[in-house]
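The following exercises concern the contacts between chains and between helices. Each task is followed by a solution in steps.

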4 protein chains.
Amino acid sequence: MTRREPTALVTGFEPFDGEAVNPAQEIARALDGTTIAGHRVVGAVLPTEFTTALPALRRLLRVHSPMVVIALGLAGGRAEIAIERVAVNLIDARIADNAGAQPVDERVLKRGPNAYFSTLPVKAMLERLLAAGIPAALSQSAGTFVCNQVFYGLSHAIARRKAVRGGFVHVPYLPVQAARNPGAPSLPLQTMIEAIRLCIDTALTVRRDAHFAAGTTH
Amino acid sequence: MTRREPTALVTGFEPFDGEAVNPAQEIARALDGTTIAGHRVVGAVLPTEFTTALPALRRLLRVHSPMVVIALGLAGGRAEIAIERVAVNLIDARIADNAGAQPVDERVLKRGPNAYFSTLPVKAMLERLLAAGIPAALSQSAGTFVCNQVFYGLSHAIARRKAVRGGFVHVPYLPVQAARNPGAPSLPLQTMIEAIRLCIDTALTVRRDAHFAAGTTH
Amino acid sequence: MTRREPTALVTGFEPFDGEAVNPAQEIARALDGTTIAGHRVVGAVLPTEFTTALPALRRLLRVHSPMVVIALGLAGGRAEIAIERVAVNLIDARIADNAGAQPVDERVLKRGPNAYFSTLPVKAMLERLLAAGIPAALSQSAGTFVCNQVFYGLSHAIARRKAVRGGFVHVPYLPVQAARNPGAPSLPLQTMIEAIRLCIDTALTVRRDAHFAAGTTH
Amino acid sequence: MTRREPTALVTGFEPFDGEAVNPAQEIARALDGTTIAGHRVVGAVLPTEFTTALPALRRLLRVHSPMVVIALGLAGGRAEIAIERVAVNLIDARIADNAGAQPVDERVLKRGPNAYFSTLPVKAMLERLLAAGIPAALSQSAGTFVCNQVFYGLSHAIARRKAVRGGFVHVPYLPVQAARNPGAPSLPLQTMIEAIRLCIDTALTVRRDAHFAAGTTH
């Protein structure tokens, strides 16, 4: 592989909050090395730690210069693939990260703007997933934990590179996790891998985002 | 095939309420003709109609003399395989059935008891599904629609045949259905087929039901 | 007060599962001594204990000979007044009661029928509450804890007294409880007191229950 | 009343989406003319229309020069008082507003920043409500409808006036609305009025916001 081969980057996270697995990690691993729309997919796993996650992501951006970046995280309790729209410059950790840190009301970047919008074609991605029969929705908040931090840091890192598209997608529990969380929804790994493959393909091939209502009233 | 070959019966329902598919039907079809614990599985689909569902079920019982019967129905909105415990002698249709009938506050059987308990080993089944990483729970009510009617009618039909075990299991939406019902949970067909296969196997092989708390406070 | 003064009995439960209050108890206390449709209301509080709750209820039935009995219990997590339809002959305690007992898969009464239906005019009650702008629904299961035990025991005790109507109603958290259970719905005490007053009045004055669909599909 | 009397402004919205009432409007009306922490409360109702809501709010700001502004909106389906943290520069109307307009993927202000954070002491307010036994939570998204538009426009209008604190609070259905939306949570009007009174008082009297974790993982 040479540096000039076009790539797409998909990242997951290590398991956190006592879970043994993380579907985001599994999806990144499964897609690593595959080819989508002529781009080699680099699948990597970030530590679920406030101090090391973003440096690891920045290193991946430097090494691989991807045209599309989709960072993935687990949203236990959600029923569908949640395509995030907004990264906010705020960290407020409800639980400790994997290193035991629990920052409260800090900025991701001291001098960064309050928020970034995803530069992925989020509605075209939503349309594509639903057309494939995969439960999906847009989400207006990626929370205030490491997921949002990475989403914000990624957005900041690519803010000036207009040719690069990047954003964040939250995924539900795996069925095996839902089996230990009574009443929790889930999606099978294969469906989630296919969903992210479709998202990457859409981000690589669709020029203009789709235009239809997909907001929330509150 | 001769009549004396031991069988297990699994029934599904035709799609209803405007849905194009019904996972219960798909599971019954997928298991039809397979062999589980030395028993040939008969998979059949019942009409989602108050007047014809039970006669169709009784015919299947007569023709196949199954040792285990699991009737399946769709519970759109549930996240897990729901093993039903109680069939009640009550019909109160919130929506019309596929023939346009909507009976309100009628008995399934005029002179039947108020309720039957499932004679399946419901807790052993629950334990088996959770051990296999499949989201599952016991449910104290199968509702008051055709599902409950069939569950009650089945229980009544086998009430005197102590060697026969029978009951009802509700299943969630397929992902393709959840994609059209925003926020609704789902399970993939393969997971549901495997779940019901495990349920049948458990009902055919486990003599005494398991003993652990799995009730609800309300 | 003489024995012949007609009465209505409403019971609540002592707080359980670590909660400091129980709205069911508060409602029973608030209605105690009031008069509804010419009947003196006896409000009493039952212990949340499998061994003592039913004996206490039977004593109240003996002493007061009420024409209407509504037993109340807390359903933490529900958003509305839940009028129960079915009491089942099953105890399966997910948590320990206030005496530390946690019976699993026992019968309420060894030789009782599998279930009793509420003899309250449940649909007229539902109609009345909704017309008064109070969130309400019918429920097909009162669970398998002390609430269901008392509902079943009450139903059994009055099964032969055709003039007596009795049943069970579950109520949501108080706002002060919801404040400690993130995301949990609640109703204010005054609304719940008014709801149960309307239920008692309906049970004392409406001869024939209303007839409209209010069941569930699963 | 002279211009120099210190004021606090609380706004509600007209009913929308076919509802007959809007608790946000009722709360604003109930608090109008009261005095909180030495400030006269101006309660006003905004049209639920994209083109007229913000101009009406700006007029109120000009006329009353309030020290604290809390805009209120209805969040049907939420169980608690939701104190919003982030206003985003995005409109994506899932339903039409009261004038029939349904803008999709537009900016609130063409040249505004991507987002504003509430300048209310949101955690001190949360702490105060919970201490008073009122269900409450922080929310990371006010949606993409007129509520978010007003929240964003308000934040922009007061962005340079450091002495003025302003933000948005979403409130649940009234019980009478929940009675028509099966399963929906609600809070009584009196509880909501008291909640907003406490919020205004906190915003007028607490200098430094509280510091504790109240974020979400996704």
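**Exercise 1.** How many residue pairs are in polar contact between chain A and chain D, with both at pLDDT 80 or more?

*Solution.* The model is a predicted one, and side-chain atom pairs count only at pLDDT 80 or more. With both residues at that level, 18 residue pairs are in polar contact between chain A and chain D. Next, consider which elements of chain A take part. Strand 6 (86–88), strand 8 (104–106) and strand 9 (115–117) of chain A each supply at least two residues of the side that touches chain D. Of these, strand 9 of chain A gives the largest share, three residues. Finally, sorting the residues on this side of chain A by class yields 18 nonpolar, 14 polar and seven charged.

**Exercise 2.** Describe the extent of the contact between chain A and chain D.

*Solution.* Begin with the residue counts: chain A contributes 39 residues and chain D contributes 39 residues. Then take the area, for the size of an interface is often given as the accessible area lost when the parts come together. Between chain A and chain D about 3,000 Å² is buried, and carbon and sulfur atoms give 59% of it. On the side of chain A, 25% of the area buried against chain D comes from Phe117(A), Thr217(A) and His218(A), more than from any other three residues.

**Exercise 3.** Which salt bridges join Lys123 and Asp105 across chain A and chain D?

*Solution.* Start from the totals. The structure holds 36 salt bridges over all chains, and the count between chain A and chain D is eight. One salt bridge pairs Lys123(A) with Asp105(D), with 2.8 Å between the closest N and O atoms. Another pairs the side chains of Lys123(D) and Asp105(A), also at 2.8 Å from N to O. This second pair runs from helix 3 (residues 122–131) of chain D, which holds Lys123(D), to strand 8 of chain A, which holds Asp105(A).

**Exercise 4.** Characterise the contact between chain C and chain D, and identify the chain pairs that do not touch.

*Solution.* Here 16 residues of chain C meet 16 residues of chain D. The buried area is about 1,100 Å², with 68% from carbon and sulfur atoms. Gly133(C), Pro135(C) and Ala179(C) lose the most area in chain C, together 32% of what that side buries. As for polar interactions, there are zero salt bridges between chain C and chain D, and two residue pairs are in polar contact, both residues at pLDDT 80 or more. Helix 5 (residues 175–178) of chain C gives the most to the side that touches chain D, with three residues. By class, that side of chain C has 12 nonpolar, three polar and one charged residues.

Two chain pairs without contact complete the solution. Chain A and chain C have no contact, their closest C-alpha atoms lying 13 Å apart. Chain B and chain D do not touch either, and their nearest C-alpha atoms are 13 Å apart.

**Exercise 5.** At what angle do helix 2 and helix 4 of chain D pack?

*Solution.* Helix 2 (residues 53–64) and helix 4 (residues 146–157) of chain D pack at about 35°, and their axes are 10 Å apart. The crossing is right-handed. From helix 2 of chain D, the contact uses Ala53(D), Leu54(D), Leu57(D) and Leu61(D); helix 4 of chain D supplies Val146(D), Gln149(D), Val150(D), Gly153(D), Leu154(D) and Ala157(D). By class, the residues of this contact are eight nonpolar, two polar and no charged.

Conventions. Residues numbered from 1 in each chain as written. Chains lettered and ligands numbered in written order. Predicted model: local features only at pLDDT ≥ 70, side-chain atom pairs only at ≥ 80, totals over all residues. Heavy atoms only, no water. Axes fitted to C-alpha atoms, helices over the stretch in contact; angles between N-to-C directions. Helix = DSSP H or I, 4+ residues; strand = E, 2+ residues; numbered from the N terminus. Left-handed = near helix turned anticlockwise from the far one by under 90°. Contact = heavy atoms within 4.5 Å. Nonpolar A, V, L, I, M, F, W, Y, C, P; charged D, E, K, R; others polar. Buried area = accessible area lost by both parts, 1.4 Å probe. Salt bridge = Lys/Arg side-chain N within 4 Å of Asp/Glu carboxyl O. Polar contact = N/O pair within 3.5 Å; in protein donor to acceptor, adjacent residues only side chain to side chain.
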